[in-house]
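Trainee: Could we go through this model together, with the reasons behind each label?
Mentor: Gladly; let us put it on the screen.

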Amino acid sequence: MIIVVKPGASKEQVQQILNQLEHYELKAHVSEGAERLIIGVIGDKSRLPSGSLELLPAVEKLVPIMESYKLASRAFRPEGTAFDIKGIHVGTDELTMMAGPCAVESEEQVDEVARVVSGCGARFLRGGAYKPRTTPYSFQGLEKEGLKILRRVADRYNLLVISEITSENDIEYASDYVDIIQIGARNAQNFRLLSAVGKSGIPVMLKRGIAETIDEWLGSVEYIMSEGNYKIIMCERGIRTFETSTRSTLDISAIPVLKTKTHLPVIIDPSHASGKAQYVRSLSLAAIAAGADGLIIEVHPNPMIALSDAAQQITPDDYRALTKEIKAIAQIIGRTYPG
Ligand code: PEP
Ligand code: MN
């Protein structure tokens with residue numbers, strides 16, 4: 001259930017609502033929109049004597065939320081979620097561009113990519129330090145050293161860092177180096193990890209699970225939000241279907257569907273969706289045209305010798321060319337391109 005607060009309600013009147021909820025052991029999540037204050041109520045509502053909330057002077061109306069996800073639902077923040085990470089806005093009209101190699105391999109490798117992508121709109125440097133590989137015999141990432149490299153290089157080019165963590169034990173260490181924690185497709189329903197990143201308060205980019213429905217994915221979001229962390233970006237990275245021409249199938253419909261179901265920003269990962277560098281351009285352009293809030297793209301100085309995902313990483317030159325086209329589409333649909 002959500003409580004829509006009357007415009008102009010005083011602080012004391014809002015507090016009265018919160019006190020009432022606390023009294024009946026219900027958890028309140030407050031969303032302060034530009035026009036409306038909304039309170040998400042989580043817990044056993046049957047405890048509330050009927051009519052006890054409606055009578056409070058600041059309550060405009062109570063709206064039940066039928067979906068199993070509550071805080072993630074559009075009703076909680078009808079105007080959409082936008083937030084700030086160290087001065088960089090996410091979820092506004094400006095597209096969010098994230099780019100970098102699949103895995104951090106060396107400082108020189110990351111530097112070469114960061115130099116180019118920072119010059120053409122990217123605000124976030126990606127790079128895997130903890131790599132969730134399909135087999136234990138593949139390159140597993142540089143781990144702590146990888147995070148240090150990312151931070152050093154990002155600071156050099158005025159970029160922010162996004163990197164995946166795969167265990168709750170790594171959150172504390174990573175918090176000194178990353179600006180956004182990425183939760184990968186393989187951990188999309190690792191609920192303990194989701195709760196732990198929720199508790200950390202660090203912004204999170206949550207990828208869609210390989211075989212997760214959109215509603216299940218929103219359930220995953222709810223695990224993070226219910227811990228009080230609302231700085232979440234959802235990332236569609238392709239789902240498993242019967243099609244084998246691409247690594248996964250990019251669910252382009254997820255963009256308009258999510259825009260109706262949730263208030264959170266949505267970005268697209270065309271690299272893992274296609275698994276092939278040659279398709280990254282088409283999927284990127286389609287995603288922006290369909291209303292995505294941004295892209296995360298794998299870029300490697302020499303994809304042929306990449307230690308992971310060699311087939312899908314594009315070169316810095318290709319990234320530069322692609323961003324010109326993205327800029328053109330952004331203009332047509334009334335979005336701004338960073339830089
Ligand atoms: C990644 O972005 O590095 C990654 C492993 O992606 P996914 O979790 O989508 O497979
Ligand atoms: Mn990868």
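**Labels and their reasons**

Trainee: Why is Cys102 called buried or exposed?
Mentor: Buried means under 20% relative accessible area, exposed over 50%, and partly exposed in between, with a 1.4 Å probe and protein chains only. Cys102 has 1% relative accessibility, so it counts as buried.

Trainee: And what kind of model is this?
Mentor: It is a predicted model, where local features need pLDDT of at least 70 and side-chain atom pairs count only at pLDDT 80 or more, while totals for chains, interfaces and linings use all residues. Residues are numbered from 1 along each chain as its sequence is written, chains are lettered from A and ligands numbered from 1 in the order in which they are written, and side-chain values use heavy atoms, with hydrogens and water left out.

Trainee: What makes a residue a donor of the manganese ion (ligand 2)?
Mentor: Donors are N, O and S atoms within 2.8 Å of the metal (3.2 Å for Na, K and Ca); water is not among the atoms, so sites may look incomplete. Cys102 (SG), His272 (NE2), Glu298 (OE) and Asp309 (OD) lie 2.0 to 2.4 Å from the manganese ion, and these are its protein donors. Their spacing in sequence is C-x169-H-x25-E-x10-D.

Trainee: Where do Cys102 and Glu298 lie in the chain?
Mentor: Cys102 is in the loop between β7 (96-100) and α2 (107-119), and Glu298 is in strand β14 (residues 294-298), so this pair, 196 residues apart, links distant parts of the chain. Helices (H or I, at least four residues) and strands (E, at least two) are DSSP runs, numbered from the N terminus. Glu298 has a relative accessible area of 0%, so it is buried.

Trainee: Which residues are around ligand 1?
Mentor: Among them are Arg126, Lys131, Arg186 and His272. The criterion is a heavy atom of the residue within 4 Å of the molecule.

Trainee: How do you know that Arg126 makes a polar contact with ligand 1?
Mentor: A polar contact is a pair of N or O atoms within 3.5 Å; within protein, one must be able to donate a hydrogen and the other to accept it, and residues adjacent in sequence count only if both atoms are side-chain atoms. An N or O atom in the side chain of Arg126 is 2.8 Å from an oxygen atom of ligand 1, so the pair qualifies. For Lys131, a polar side-chain atom lies 3.0 Å from a ligand 1 oxygen. An N or O atom in the Arg186 side chain is 2.8 Å from an oxygen of ligand 1. The protein covers 96% of the 300 Å² of accessible area that ligand 1 has on its own.

Trainee: Why is Thr262 called buried or exposed?
Mentor: Its relative accessibility is 0%, so Thr262 counts as buried. Thr262 lies in the loop between α7 (254-261) and β13 (266-268). A polar atom of its side chain is 2.5 Å from the backbone oxygen of Ala72.

Trainee: What makes the phi of Asn158 worth a look?
Mentor: Most residues other than glycine have a negative phi. Asn158 has a positive phi of about 60° although it is not a glycine. Asn158 is in the loop between α3 (144-156) and β9 (160-164), and at 72% relative accessibility it counts as exposed. Lys86 also has a positive phi, of about 45°, without being a glycine. With a relative accessible area of 60%, Lys86 is exposed.

Technical notes:
Areas by Shrake-Rupley, 256 points an atom, 1.4 Å probe, with all protein chains shown as cover.
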